[in-house]
Amino acid sequence: KVENLGAIPDGIAFDQHWNSLLVHPVAGKPTWARLNNAVPEGVSRIYADIETRNDKAGPVEYVLAVAPATDKARKSKALQFKPGLISEWVRVDTTMQSQVHLNLDAAVQADFDLYLGTRLPPGATNAFCWAHFSKIRMSR
């Protein structure tokens, strides 16, 4: 199950043509999609291909994070990830393909939720920022 934790009702969507998940950024704060129970016990590395699929867009920053798959974590109003459970933000310019990597300090000991985040650099606009995550891979 994918949940839209962002401010735009249709800002999180699966794109069948590209086989990817759109996480449309907004100005001023990150946009998050949560994939419930997506990270099985034993995973220690997560990778995703990332791309902003519109040549009129400005730069977008992408991130991966994980958190325990618990009601308490899911009901928290403020997303705050423990150190080692969030990747570095990766800046991607228009129509460039890249990857974001999350290398956990230790393998998860239970199922975790996966968070896909996007944000805009200071002063940037979200017009045409069709920010996509695809080919999400995990390893032990």
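Which residues does Ser 134 touch, not counting residues up to four places away in sequence? They are Asn 19, Ser 20, Ala 48, Asp 49 and Arg 53. Keep in mind that you are looking at a predicted model. Its chain has 140 residues, and its secondary structure comes to 1 helix and 10 strands. Let's walk through it topic by topic.

**Overall build**

- Reading from the N terminus, you meet the elements in the order β-β-β-β-β-β-α-β-β-β-β.
- The chain has a radius of gyration of 14 Å, which agrees with the value near 14 Å that a compact globule of 140 residues would have.
- If you follow the C-alpha trace along its principal axes, it spans about 45 × 30 × 30 Å.
- Take the contacts between residues at least 6 apart in sequence: 79% of them join residues at least 24 apart.

**Surface and charge**

- Of the residues in the chain, 44% count as buried.
- The accessible surface comes to about 7,700 Å², and carbon and sulfur atoms account for 50% of that area.
- There are 16 positive and 14 negative charges, and the mean positions of the two sets lie 4 Å apart.

**The nonpolar cores**

- The largest nonpolar core holds 29 residues, and the members that touch the most others are Val 39, Ile 46, Leu 64, Val 66, Leu 114, Leu 116 and Phe 133.
- Several strands give two or more residues to this core, including E3 (20–23), E4 (31–39), E5 (45–52) and E6 (60–68).
- Further along the chain, E7 (90–92), E8 (97–103), E9 (112–119) and E10 (131–139) also give two or more residues each.
- Strand E6 gives the most to this core, with 4 residues.
- Another core, of 6 residues, lies apart from the largest one, and among its members are Ala 65, Ala 67, Phe 81 and Tyr 115.

**Two residues with a positive phi**

- Most residues other than glycine have a negative phi.
- Asn 19 is not a glycine, yet its phi is positive, at about 55°.
- You can find Asn 19 in the loop between strand E2 (12–15) and E3.
- Is Asn 19 buried or exposed? Its relative accessible area is 54%, so Asn 19 counts as exposed.
- Lys 135 also has a positive phi, near 50°, and is a residue other than glycine.
- Unlike a loop residue, Lys 135 has its place in strand E10.
- Lys 135 is exposed because its relative accessible area is 59%, and the cut-off for exposed is over 50%.

**Ser 134, back where we began**

- Ser 134 is found in strand E10.
- With a relative accessible area of 10%, Ser 134 is buried, because buried means under 20%.
- One of the residues that Ser 134 touches is Asn 19, the loop residue with the positive phi.

**Ile 86 and its surroundings**

- Ile 86 sits in the loop between helix H1 (71–75) and E7.
- Its relative accessibility is 31%, so Ile 86 counts as partly exposed.
- Which residues is Ile 86 in contact with, leaving aside its neighbours within four places in sequence? They are Trp 32, Val 63, Leu 64, Ala 65, Phe 81 and Leu 102.
- Among these contacts, Leu 64 belongs to the largest nonpolar core, while Ala 65 and Phe 81 belong to the core of 6 residues.
- Ile 86 and Asn 103 are 17 residues apart in sequence, and their C-alpha atoms are 8.6 Å apart in space.

Conventions: Residues numbered from 1 in each chain as written. Predicted model: local features only at pLDDT ≥ 70, side-chain atom pairs only at ≥ 80, totals over all residues. Heavy atoms only, no water. Rg over C-alpha atoms; globule rule 2.2 N^0.38 Å. Buried < 20%, exposed > 50% of the residue type's maximum accessible area, 1.4 Å probe, protein only. Contact = heavy atoms within 4.5 Å. Areas by Shrake-Rupley, 256 points an atom, 1.4 Å probe, with all protein chains shown as cover. Lys, Arg positive; Asp, Glu negative; His and termini not counted. Charge placed at Lys NZ, Arg CZ, Asp CG, Glu CD. Core = buried A, V, L, I, M, F, W, Y, C linked by side-chain atoms within 4.5 Å.
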